[in-house]
Amino acid sequence: MTDLQSVLETQMMKLQLAEAAELEDGKSQKQCFKSLLKKSERPLKMVSAAYYIPKDQKLKPQGEDAHFICADEQVIGTADGVGGWVRQGIDAGEYALKLMINSADTVRKIKASSSSSAIDPKKVLYQAFVGARKIKGSSTACIVALNGRVLHAANVGDSGFIVFRDKQFLYRSPTQQRGFNRPYQLGNHWSSDRPHCASEPKVPVMVGDIVVLGTDGLLDNLFIREMEIIIEKTEEVKPEKLAEEIARMAYFKSLNEDCETPFSSTMCKFLGRQKLGGKKDDITVIVGHIVGK
Ligand SMILES: [Mn+2]
C-alpha cells in the first residue's frame, strides 16, 4: 500500500467513525470522535492459562518443559530442556525450570519498580540466563510480553507462538534450527547459544485475538489449521479450556503412528521418503486471550 493510499484510508476511517459518532445521543461529533479514538488507543490485557502434558517416562515424570505466567504483568513464557543431557546424568528440565523462574522474578521486579515500564523480553531472557549460569543443561525459550497493544517476544529455538484473529490464523513466530530436530538452545556450554541470538518478533494485537504459545511438543504435532479448527468451534473463549483442548489434541496425535504431523512432514523432506506419525514429547500450551482493560 502506498503512503497516499494509507493516508486516504485513515481519513476515510476517521470520517466513518465521526459519522457513527454523530448518531450517538446528541453529543458533538468532536466529542464522540475523541472518545472512539481514545478507545482504540487503550492498552489491552492478556488473560492467560497453561496446560502441560509431560511425556510418559518413569524416571522423569515432570518432563523437561517449563513455563510461567505473570498475569498482572501480562507476560508468558515457556522453555524446553534438551533431553540429550541425560546421558551425562544432567537433568535439562532443571535448567529450563530455572530459566522460567528467573524470567518470572525479573518481570515482577521490573514492574514493581515501575508499573508503566514496557517489558523487554530479550533483557528478561538475558537476566534469566545469567541467573542460571551455575546450572548445566540447555534449553529453548520463548517469552511473550504484551506492551500496550503490541506483543513483543524473544525466542531462541523451536518453541514459538501463533496469533489468531477472528478465529483465523494471523501470525506465527519464526523458528531457529540448525538442522532437523536441532533447535538453537540457550546454555552455558561453549557450543550452546546465548540470549543475543533471540529473534524478537513484534505483533500488534486487537481485542479478541488469541495467542497460542507452545513448545515443539505442540508445534511438531499439530498443524496450525488443526488449532484453527479447535478455535473455530469455540463459542466462548476460556483460556484454560482452550489450552487443555489444544494440548490434548497434540498429545493424541503424538501417540498416533498413522497421521500426518508437522514432524512427519519435515522428516519426509529430510529423509526423502514418506513417513507418518507424531512425536512423543512434553507438550506445553499457553493460551492468551486479548481483552480490553
Ligand atoms: Mn520438546
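The following questions and answers examine how terms applied to this predicted model are justified.

Q: How confident is the predictor in the protein chain, in terms of average pLDDT?
A: The protein chain has an average pLDDT of 88, and 86% of its residues score at least 70. Over residues 1-12 the pLDDT falls below 50, and that stretch has 1 contact in the model beyond near neighbours in sequence. Residues 18-24 also have a pLDDT below 50, with 9 contacts beyond near neighbours in sequence.

Q: What makes up the secondary structure of the protein chain?
A: The protein chain comes to 8 helices and 13 strands. Of its 293 residues, 42% count as buried. Among contacts with a separation of 6 or more, 69% are between residues 24 or more positions apart.

Q: Why is Asp-166 called exposed?
A: Asp-166 has 11 C-beta neighbours inside 10 Å. A residue is exposed if that number is 12 or fewer, so Asp-166 counts as exposed. Asp-166 lies in the loop between β6 (160-165) and β7.

Q: Why does Lys-167 count as partly exposed?
A: Lys-167 has 15 C-beta neighbours inside 10 Å. Exposed residues have 12 or fewer and buried residues 20 or more; the value for Lys-167 lies in between, so Lys-167 counts as partly exposed. Lys-167 is found in the loop between β6 and β7.

Q: What is notable about the phi of Asp-166 and of Lys-167?
A: Most residues other than glycine have a negative phi. Asp-166, which is not a glycine, has a positive phi of about 50°. Lys-167 is likewise a residue other than glycine, and its phi is near 65°, a positive value. The hairpin of β6 and β7, in which Asp-166 takes its positive phi, has 2 residues between the strands.

Q: How do you know that β6 and β7 pair?
A: Two strands pair if at least two bridges are found between them. β6 and β7 are joined by 4 bridges, so the condition is met. The two strands run antiparallel, and Arg-165 stands opposite Gln-168 in β7.

Q: Why is Thr-175 called partly exposed?
A: Thr-175 has 17 C-beta neighbours inside 10 Å. Since 20 or more would make a residue buried and 12 or fewer would make it exposed, Thr-175 counts as partly exposed. Thr-175 lies in the loop between β7 (168-172) and β8 (177-179).

Q: With which residues is Thr-175 in contact, leaving aside neighbours within four places in sequence?
A: Thr-175 is in contact with Asp-158, Gly-160 and Pro-183. The C-alpha atoms of Thr-175 and Gly-160 are separated by 6.9 Å, although the two residues are 15 apart along the chain.

Q: What is the order of the 5 strands in the open sheet?
A: The order is β1-β13-β12-β6-β7, with antiparallel pairing. β1 (44-53) and β7 stand at the edges, because each has a single partner strand and one side is left without a neighbour in the sheet. From one strand to the next, the twist averages 25°.

Q: How do you know that β12 pairs with β13 and with β6?
A: Strand β12 (residues 210-214) is joined to strand β13 (residues 283-292) by 5 bridges, and 5 bridges also join β6 to β12. Pairing requires at least two, so both pairs qualify. Towards β13, Val-212 has Val-287 as its bridge partner, and Gly-214 has Val-285. Towards β6, Leu-213 in β12 is the bridge partner of Phe-161.

Q: What makes β12 mostly covered?
A: Of its 5 residues, 5 are buried. In a regular strand the side chains alternate between the two faces of the sheet. Ile-210, Val-212 and Gly-214 are buried on one side of β12, and Val-211 and Leu-213 on the other.

Q: Why are α6 and α7 called oblique to each other?
A: The axes of helix α6 (residues 224-233) and α7 cross at roughly 140°. Roughly antiparallel would require over 145, and roughly perpendicular 65 to 115; α6 and α7 are therefore oblique. Their axes come within 10 Å, and α6 passes α7 in a right-handed crossing.

Q: Which residues of α6 and α7 meet, and where does α7 lie?
A: Glu-226, Met-227 and Ile-230 in α6 meet Glu-245, Ile-246 and Met-249 in α7. Helix α7 (residues 239-255) lies across β1, β12 and β13, and runs at about 150° to β13.

Definitions and conventions: Residues are numbered from 1 along each chain as its sequence is written. This is a predicted model: local features need pLDDT of at least 70, side-chain atom pairs count only at pLDDT 80 or more; totals for chains, interfaces and linings use all residues. Two residues are in contact if their C-beta atoms, placed from the backbone, lie within 7 Å. Axes are lines fitted to C-alpha atoms, for helices over the stretch in contact, and angles run from 0 to 180 degrees between N-to-C directions. pLDDT is the predictor's confidence in each residue, from 0 to 100. Angles under 35 degrees count as roughly parallel, over 145 as roughly antiparallel, 65 to 115 as roughly perpendicular and the rest as oblique. A crossing is left-handed if the near helix is turned anticlockwise from the far one by less than a right angle, and right-handed if clockwise.
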